[in-house]
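This briefing goes through selected contacts, strand pairings, charged pairs and aromatic pairs. Please keep the sequence and the model open while reading.

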Amino acid sequence: MLSIDILISVRDKKIVRIKEALPEPIKGVNYIICFQYSDERYLKLIPEELGTYDDVTLVNRQETGLSRSRNLLLDMSTSDLLYFIDDDTIILPHALDNIRHFFENHPDIDIALFQSQSYSGKPLRNYPTREKNILRFRDRFKVLTYEMVCRREKIQGILSFNTRFGLGSNLFDCFETQVFLEDALRHGLKLRYFPVPIIKTSAIY
């Protein structure tokens with residue numbers, strides 16, 4: 001059974017609701033949380049229960065930058081699969097089983113792309129209805145980070161998020177996922193899209 005690290009970036013006061021992003025304990029699934037804070041007073045908001053969870057690792061950093069946070073999480077990961085999510089997302093029931101299934105049945109795939117839903121259960125946008133390999137820019141331009149799951153051994157030490165992109169950067173506050181996937185294709189990694197929802201989000205797209 002493939003193990004999964006769920007990687008979560010959270011900043012300042014949003015740490016108070018981090019438990020909502022954590023499903024019930026699942027065998028082979030671990031959570032690594034990077035908490036970026038702008039002031040030490042936010043450290044008091046960390047839920048005490050996090051320290052009692054065997055499947056949760058929390059690292060605190062007094063810094064900014066979503067891409068910087070995700071790169072730290074990427075470096076810390078040790079599981080077979082990596083899944084970046086946000087603090088306001090909810091993983092759908094059986095989604096992790098589905099993710100394992102797709103990777104086990106497609107050993108040649110390095111990065112799998114899926115679908116998101118709104119909190120009301122509607123597709124976040126108009127997704128392709130057929131499973132397919134991702135080869136061209138237009139296919140991956142709309143991908144959100146929490147729709148992407150990676151095989152760790154194929155990206156760790158090879159790819160990273162460009163810190164000039166993403167929230168808290170000095171240049172662009174978006175497009176970090178698109179740049180990451182562009183780099184993945186340049187490195188010859190294989191990307192495949194599966195028309196299956198795996199997460200709910202409050203995002204509006």
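A residue is called buried under 20% relative accessible area, exposed over 50%, and partly exposed in between. Asp 39, at 33% relative accessibility, therefore counts as partly exposed. The model is predicted. The points below are grouped by topic.

**Salt bridges**

- Eleven salt bridges are found in a search of the whole structure.
- Asp 39 forms one of them with Arg 41, and the closest N and O atoms of this pair are 3.9 Å apart.
- Arg 41 has a relative accessibility of 52% and so counts as exposed, whereas its partner Asp 39 is partly exposed at 33%.
- Lys 19 and Glu 49 meet through their side chains in a salt bridge, with 2.7 Å from N to O.
- This pair links distant parts of the chain, 30 residues apart: Lys 19 is in the loop between strand E1 (4–11) and strand E2 (29–36), and Glu 49 is in the loop between E2 and strand E3 (56–61).
- Both partners are partly exposed, Lys 19 with a relative accessible area of 33% and Glu 49 with 35%.
- Arg 125 and Glu 147 form a salt bridge in which the closest N and O atoms are 2.7 Å apart.
- Here too the pair links distant parts of the chain, 22 residues apart: Arg 125 belongs to the loop between E6 and strand E7 (132–133), and Glu 147 to the loop between helix H3 (137–140) and E8.
- Arg 125 counts as buried at 14% relative accessibility, and Glu 147 counts as buried at 1%.
- A network of salt bridges links Arg 70, Asp 86 and Glu 176.

**Strand E8 and its neighbours**

- Strand E8 covers residues 148–151, and both of its faces are covered.
- Met 148 and Cys 150 are buried on one side of E8, and Val 149 and Arg 151 are buried on the other.
- Strand E4 (residues 81–86) pairs with E8 in the antiparallel sense over three bridges.
- Within this pairing, Leu 81 stands opposite Arg 151 in E8.
- E6 is also joined to E8 by three bridges, and these two strands run antiparallel.
- Leu 113 has Met 148 in E8 as its bridge partner.

**Nonpolar core**

- The largest nonpolar core has 63 residues, and Tyr 83 and Ile 111 are those with the most contacts inside it.
- Leaving aside residues up to four places away in sequence, Tyr 83 touches a set of residues that includes Ile 4, Ile 6, Leu 7, Ile 91, Leu 96 and Ile 99.
- Among the other contacts of Tyr 83 are Met 148 and Val 149, two of the buried residues of E8.

**Gln 117**

- Gln 117 lies in strand E6, which covers residues 111–118.
- Buried or exposed: which applies to Gln 117? With 15% relative accessibility, Gln 117 counts as buried.
- Not counting residues up to four places away in sequence, Gln 117 touches Leu 92, Lys 122, Pro 123, Leu 124, Pro 197, Ile 199, Lys 200 and Thr 201.
- The C-alpha atoms of Gln 117 and Thr 201 are separated by 6.3 Å, although the two residues are 84 residues apart along the chain.

**Aromatic pairs**

- Six aromatic pairs are present in the structure.
- In one of them, Phe 84 and Phe 161 have ring centres 5.3 Å apart and planes at 85°, so the pair is edge-to-face.
- Phe 84 is in strand E4 and Phe 161 is in the loop between helix H4 (152–155) and helix H5 (176–186), so the pair ties together parts that are 77 residues apart in sequence.
- Both rings belong to buried residues, Phe 84 with a relative accessible area of 1% and Phe 161 at 2% relative accessibility.
- The rings of Phe 102 and Phe 114 have centres 5.7 Å apart and planes at 40°, so this pair is tilted.
- Phe 102 lies in helix H2 (residues 95–105) and Phe 114 in strand E6, so parts twelve residues apart in sequence are tied together.
- Phe 102 is buried with a relative accessible area of 14%, and Phe 114 is buried with 1%.
- One aromatic cluster is formed by Phe 84, Phe 161 and Phe 180.
- Arg 70 lies over the face of Phe 161, at 5.8 Å from the ring centre, and Arg 70 is also part of the salt-bridge network with Asp 86 and Glu 176.

How values were computed
Residues are numbered from 1 along each chain as its sequence is written. This is a predicted model: local features need pLDDT of at least 70, side-chain atom pairs count only at pLDDT 80 or more; totals for chains, interfaces and linings use all residues. Side-chain values use heavy atoms; hydrogens and water are left out. Helices (H or I, at least four residues) and strands (E, at least two) are DSSP runs, numbered from the N terminus. Buried means under 20% relative accessible area, exposed over 50%, partly exposed in between (1.4 Å probe, protein chains only). Contact means heavy atoms within 4.5 Å. Two strands pair if DSSP finds at least two bridges between them. A nonpolar core is a set of buried Ala, Val, Leu, Ile, Met, Phe, Trp, Tyr and Cys residues joined through side-chain atoms within 4.5 Å. A salt bridge is a side-chain nitrogen of Lys or Arg within 4 Å of a carboxyl oxygen of Asp or Glu. Rings of Phe, Tyr and Trp (its six-membered ring) pair if their centres lie within 6.5 Å; planes under 30 degrees apart count as stacked, over 60 as edge-to-face and the rest as tilted. A charge sits over a ring if NZ of Lys or CZ of Arg is within 6 Å of the ring centre and within 35 degrees of the ring normal.
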